[in-house]
Amino acid sequence: MVKTQMLLAAEGGHNPVIPEPAEIVVGLIAFLILLFVLWKYAVPRFEKIYAERSERIEGGIARAEQAQAEAQRTLEQYKSQLAEARAEAARIRDDARAEGQQIVEEMRTQAQTESERIVAQGQNQLAAQRAQIVAELRADLGRQAVDLAGRIVGESLEDETRRRGTVDRFLSELESTSAPSGSGRS
């Protein structure tokens with residue numbers, strides 16, 4: 001190696017691995033100028049671009065958080081309205097059920113009242129028909145009794161007062177004898 005160095009020194013004396021001092025100074029000055037230009041012009045632009053990008057990202061995050069908060073408020077409002085609607089539906093259903101029961105009760109009461117009225121009217125009609133039939137039977141029975149009594153007695157019972165007295169007396173006797181056996185039948 002010593003021989004190689006001597007050989008190089010003898011040939012021209014310059015080692016290619018070690019730069020010349022003038023080249024080092026020029027390279028250093030060029031590097032400093034390049035560093036100054038980058039620092040003066042490029043770095044501020046990069047910083048500005050990074051700041052804008054950071055703002056956009058942070059703004060996007062803030063907008064996303066606001067949208068999420070708004071969505072949460074909307075969801076809560078929806079749930080609240082849904083709960084109110086369910087409560088309203090339950091109330092309406094209960095009101096309808098109560099109203100239906102009230103209508104059924106009113107109809108039952110009306111039917112009971114109408115039934116009682118019809119029964120009373122039927123009983124009144126039966127009583128009126130019975131009274132009419134009893135009156136017709138008495139009149140018919142009275143005529144037959146007068147005819148029969150006239151035949152038995154042999155005298156004419158044409159006088160109205162006599163005939164009435166006889167018929168009434170006969171019917172009273174008939175009722176008194178048939179009343180004990182009639183009350184057992186009813």
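This report covers salt bridges and one further residue, Gln-144, in a predicted model.

## Salt bridges overall

A search of the whole structure gives 6 salt bridges. Three of the pairs are described below, each with its position in the helix and the exposure of its partners.

## Arg-91 and Asp-95

Arg-91 and Asp-95 are joined through their side chains by a salt bridge, with an N to O distance of 2.9 Å. That distance falls inside the cut-off, because a salt bridge requires a side-chain nitrogen of Lys or Arg within 4 Å of a carboxyl oxygen of Asp or Glu. Both residues belong to helix α2, which spans residues 21-153. They are 4 residues apart, so about one helical turn separates them.

Neither partner is buried by the criterion used here: Arg-91 has a relative accessible area of 41% and is partly exposed, and Asp-95, at 40%, is partly exposed as well.

## Asp-94 and Arg-97

A salt bridge also links Asp-94 to Arg-97, where the closest N and O atoms lie 3.5 Å apart. The two residues are in helix α2 with a spacing of 3 residues, about one turn of the helix.

Asp-94 is partly exposed, its relative accessible area being 43%. For Arg-97 the value is 47%, which means that this residue is partly exposed too.

## Glu-114 and Arg-117

Further along helix α2, the side chains of Glu-114 and Arg-117 form a salt bridge with an N to O distance of 2.2 Å. Here again the partners are 3 residues apart, about one turn of the helix. Arg-117 has a relative accessible area of 44% and counts as partly exposed. Glu-114 is likewise partly exposed, with a relative accessibility of 35%.

Shared partners also connect some of the salt bridges: Glu-88, Arg-91 and Asp-95 make up one network. Arg-91 and Asp-95 in this network are the pair with the 2.9 Å contact.

## Gln-144

Gln-144 is another residue of helix α2. Its relative accessibility is 48%, so Gln-144 is classed as partly exposed; the exposed class begins over 50%.

Gln-144 can also be placed relative to Val-167. These two residues are 23 positions apart along the chain, and their C-alpha atoms are separated by 9.5 Å.

Note on methods: Residues are numbered from 1 along each chain as its sequence is written. This is a predicted model: local features need pLDDT of at least 70, side-chain atom pairs count only at pLDDT 80 or more; totals for chains, interfaces and linings use all residues. Side-chain values use heavy atoms; hydrogens and water are left out. Buried means under 20% relative accessible area, exposed over 50%, partly exposed in between (1.4 Å probe, protein chains only).
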